[in-house]
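Colleague: Could you zoom in on one strand of this model for me and tell me what surrounds it? I'd like the pairing, the burial and any empty space around there, in one go.

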Amino acid sequence: FSGKLAWNQELSDWQAFDVAIASSPILHRGQLLVLADRNQKKSTLTAYEPATGKVLWESKRTGAFTHTTPVVIEAAGKSQLLVTASNELQSLDPANGDKLWWCKTPGDVTSPVFAGGLIYTDSGRGGPGILVGTVWPEDGKVYNAVVLADAGKITGVRFKVDLPNYG
């Protein structure tokens with residue numbers, strides 16, 4: 001390396017990582033997003049100023065755990081950060097880390113794929129996959145997306161708008 005180090009940022013609680021930080025950083029709209037899922041309920045999504053390393057915001061993550069790199073998509077006029085976590089697919093707002101929606105999925109080791117308004121992910125461990133349509137609720141609330149699938153065949157997708165789930 002012959003360049004000059006611009007900045008570095010030591011992650012706190014490094015000893016709480018399962019094996020190590022597993023996702024790659026993502027540069028999105030002037031923010032460097034780092035998903036750092038740890039054990040002991042110390043997981044975070046942090047946005048850094050790319051030029052200086054200054055922390056712009058940090059969102060605590062609870063529950064689901066991931067070993068994958070998230071994917072940023074544009075759907076229904078809104079940016080969404082897709083995270084395949086322990087048995088759920090999450091859509092987070094990349095502007096602040098808030099959970100937009102989620103649905104149950106198998107596994108936690110594959111990054112989701114987005115094309116044609118559809119999101120596909122699987123367990124990464126030889127199990128079934130799911131396909132989810134992207135929806136952004138008009139009222140901005142978090143909803144549990146229900147995916148109907150059987151043996152790899154998608155039989156339907158619907159969103160429950162009466163059952164908010166916050167964790």
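Modeller: Below I go through one strand, then its partners, then the pockets and cavities.

A bit of housekeeping first: this is a predicted model, so local features need pLDDT of at least 70 and side-chain atom pairs count only at pLDDT 80 or more, while totals for chains, interfaces and linings use all residues. Residues are numbered from 1 along each chain as its sequence is written, and side-chain values use heavy atoms, with hydrogens and water left out.

For the setting, the protein chain has 0 helices and 13 strands (DSSP runs numbered from the N terminus: H or I of at least four residues for helices, E of at least two for strands). Of its 167 residues, 42% count as buried, where buried is under 20% relative accessible area, exposed is over 50% and partly exposed is in between, with a 1.4 Å probe and protein chains only. Among contacts with a separation of 6 or more, 39% link residues 24 or more positions apart; a contact is heavy atoms within 4.5 Å.

Now the strand I'd pick: S2, residues 31–36, with 6 of its 6 residues buried. Gln-31, Leu-33 and Leu-35 point one way, Leu-32, Val-34 and Ala-36 point the other way, and all are buried. So what does S2 pair with? On one hand there is S1, antiparallel over 3 bridges; strands count as paired if DSSP finds at least two bridges between them. One of the bridges puts Ile-26 against Leu-33 of S2, and another joins His-28 to Gln-31. The two strands make a hairpin with 2 residues in between, and Arg-29 in the turn has a positive phi of about 45 degrees.

His-28 deserves a moment. It belongs to S1, which spans residues 26–28, and it counts as buried because its relative accessibility is 10%. Leaving out residues up to four places away in sequence, His-28 touches Leu-33, Val-72, Glu-74, Ser-79 and Pro-94.

S2's other partner is S3 (residues 43–48), again antiparallel, with 5 bridges. Here Leu-35 sits opposite Leu-45. This hairpin has 6 residues between its strands, and Gln-40 takes a positive phi near 60 degrees.

Put together, these strands belong to an open sheet of 4 strands in the order S1-S2-S3-S4, with antiparallel pairing. S1 and S4 are the edges: each has a single partner strand, so one side of each is left without a neighbour in the sheet. On average, neighbouring strands are turned by 20 degrees against each other, direction ignored; the axes are lines fitted to C-alpha atoms (for helices over the stretch in contact), with angles from 0 to 180 degrees between N-to-C directions.

Then the empty space. Rolling a probe the size of a water molecule over the atoms shows where empty space is left. The search uses a 1 Å grid over the protein atoms alone: a cavity is a set of points where a 1.4 Å probe fits but cannot get out, a pocket is an open set with protein on both sides within 12 Å along at least five of seven lines, and lining residues have an atom within 4 Å of a point. Points are joined across faces, edges and corners, and the volume is the space filled by probe spheres set on them.

Across the whole structure, 1 cavity of 30 Å³ or more turns up, and the largest cavity has a volume of about 40 Å³. Its lining includes Leu-35 and Ala-36, along with Ile-21, Asp-37 and His-67. By type, that lining splits into 4 nonpolar, 4 polar and 1 charged, with Ala, Val, Leu, Ile, Met, Phe, Trp, Tyr, Cys and Pro as nonpolar, Asp, Glu, Lys and Arg as charged, and the others, Gly among them, as polar.

The second largest pocket, at about 150 Å³, is lined by 15 residues, with Ser-12, Arg-38, Thr-44, Thr-46 and Glu-58 nearest its centre. S2, S3 and S4 (55–61) are the elements that give two or more residues to that lining, and S3 supplies the largest share, 3 residues. This pocket's lining comes to 4 nonpolar, 4 polar and 7 charged.
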